[in-house]
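Dear colleague,

Please find below the structure that I am handing over to you, together with its sequence. My notes on what was found in it follow directly after.

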Amino acid sequence: MTDVTEKWRSECVTAALYDAGVQHASIARAGARAMWGADLRRMFTDIARLADLPAGTAVLDIPCGGGLAFRGLRTGQAVRYVAADISPYMLQRARREAGRRSVHDAIQFVEADVTALQFADASFDLCVSYNGLHCLPDPRAALGELTRVLRPGGTLRGTSCVTGRGPRKDALIALSRRAGVFGNTPQAGEIEKWLTELGLDVVTLEPSGAVEFFEARSPFRKAD
Ligand SMILES: C[S@@+](CC[C@H](N)C(=O)[O-])C[C@H]1O[C@@H](n2cnc3c(N)ncnc32)[C@H](O)[C@@H]1O
């Protein structure tokens with residue numbers, strides 16, 4: 001079996017093809033509808049909400065890919081935004097995209113593995129993780145790391161493909177695994193279970209075809 005993490009880290013062709021498609025909302029939505037029976041409107045609405053973040057908000061976007069999520073930022077928005085990915089090539093694309101959108105001043109680009117983050121505990125108010133969990137060998141470990149770096153009261157938001165939403169979609173997921181671009185894709189319902197086990201309050205868990213949209217909040221710690 002191909003090492004999916006190594007493939008994403010070192011290959012450019014898959015990354016370029018994926019990113020070229022997803023950067024056009026109409027192509028991304030049509031593709032998600034055709035492949036996963038999913039309506040991505042919710043994801044794009046969530047991304048647009050980044051424009052409303054208050055000044056000083058610390059955001060971690062991983063995997064940022066070529067810069068899907070930070071399209072929601074406004075030029076000059078005073079947030080601390082870390083865009084991270086395991087692929088240097090994706091980060092290069094993301095840097096270019098940020099420049100095109102004139103949001104590069106707010107963004108720090110970092111090479112990082114979402115299953116072993118180099119950031120301190122409780123260092124972000126918002127973590128976003130779009131279309132990444134299904135590409136990992138251990139998606140639960142990634143949610144564990146995202147939970148660790150989230151401040152009390154902070155929010156984790158994202159999307160992932162899941163198995164168990166129909167034979168055709170499962171076959172496509174199996175094919176993507178064999179091609180080395182998907183990892184151990186979560187089963188339907190597993191993301192909610194993991195978020196709860198990790199101590200987060202699940203705000204939203206919305207399935208759409210073979211995609212799940214999730215939003216969860218880190219509880220404020222009780223006084224000792
Ligand atoms: C399907 S793309 C999604 C990218 C972006 N969020 C989007 O929706 O366009 C999957 C991304 O996960 C990244 N990736 C794969 N394994 C990773 C890991 N262990 N840590 C961080 N990023 C990873 C890949 O390099 C790629 O950019």
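**The ligand and its pocket**

The ligand occupies the largest pocket. Please bear in mind that this is a predicted model.

The volume of the largest pocket is about 1100 Å³. Its lining is made up of 49 residues, and those nearest the centre of the pocket are Trp8, Tyr18, Asn131, His134 and Cys135. Five elements each contribute two or more residues to this lining: the helices α1 (4-10), α2 (13-22), α3 (25-36) and α7 (167-178), and the strand β5 (150-161). Sorted by class, the lining comprises 31 nonpolar, 13 polar and 5 charged residues.

**Surroundings of the ligand**

The shell around the ligand consists of 18 residues, of which Pro63, Asp85, Asp113, Tyr130 and Asn131 come nearest. By class, this shell holds 13 nonpolar, 3 polar and 2 charged residues.

Which side chains make polar contacts with oxygen atoms of the ligand? Three can be listed, with their distances:

- Asp85: a polar side-chain atom is 2.6 Å from an oxygen atom of the ligand.
- Asn131: an N or O atom of the side chain lies 2.8 Å from an oxygen atom of the ligand.
- Tyr18: the corresponding distance, from a side-chain N or O atom to a ligand oxygen, is 3.1 Å.

On its own, the ligand has 590 Å² of accessible area, and the protein covers 98% of this.

Two of these residues appear in both descriptions of the site. Asn131 is among the residues that come nearest to the ligand and also among those nearest the centre of the pocket. Tyr18, for its part, lies near the pocket centre and has the polar contact given above.

**Backbone features**

Two points of backbone geometry should also be recorded. The first concerns Pro63, one of the residues that come nearest to the ligand. The peptide bond between Ile62 and Pro63 is cis, with omega at about -5 degrees. Pro63 itself is found in the loop that runs between β1 (58-61) and β2 (80-85).

The second concerns Ala122, a residue other than glycine whose phi is positive, near 50 degrees. Ala122 belongs to the loop between β3 (107-111) and β4 (124-130).

With kind regards

Conventions
Residues numbered from 1 in each chain as written. Predicted model: local features only at pLDDT ≥ 70, side-chain atom pairs only at ≥ 80, totals over all residues. Heavy atoms only, no water. Near = heavy atom within 4 Å. Polar contact = N/O pair within 3.5 Å; in protein donor to acceptor, adjacent residues only side chain to side chain. Areas by Shrake-Rupley, 256 points an atom, 1.4 Å probe, with all protein chains shown as cover. 1 Å grid on protein atoms, 1.4 Å probe; cavity = no way out; pocket = protein on both sides within 12 Å on 5 of 7 lines; lining within 4 Å. Sits in = over half its atoms within 2 Å of the grid points. Nonpolar A, V, L, I, M, F, W, Y, C, P; charged D, E, K, R; others polar. Points joined across faces, edges and corners; volume = space filled by probe spheres on them. Helix = DSSP H or I, 4+ residues; strand = E, 2+ residues; numbered from the N terminus.
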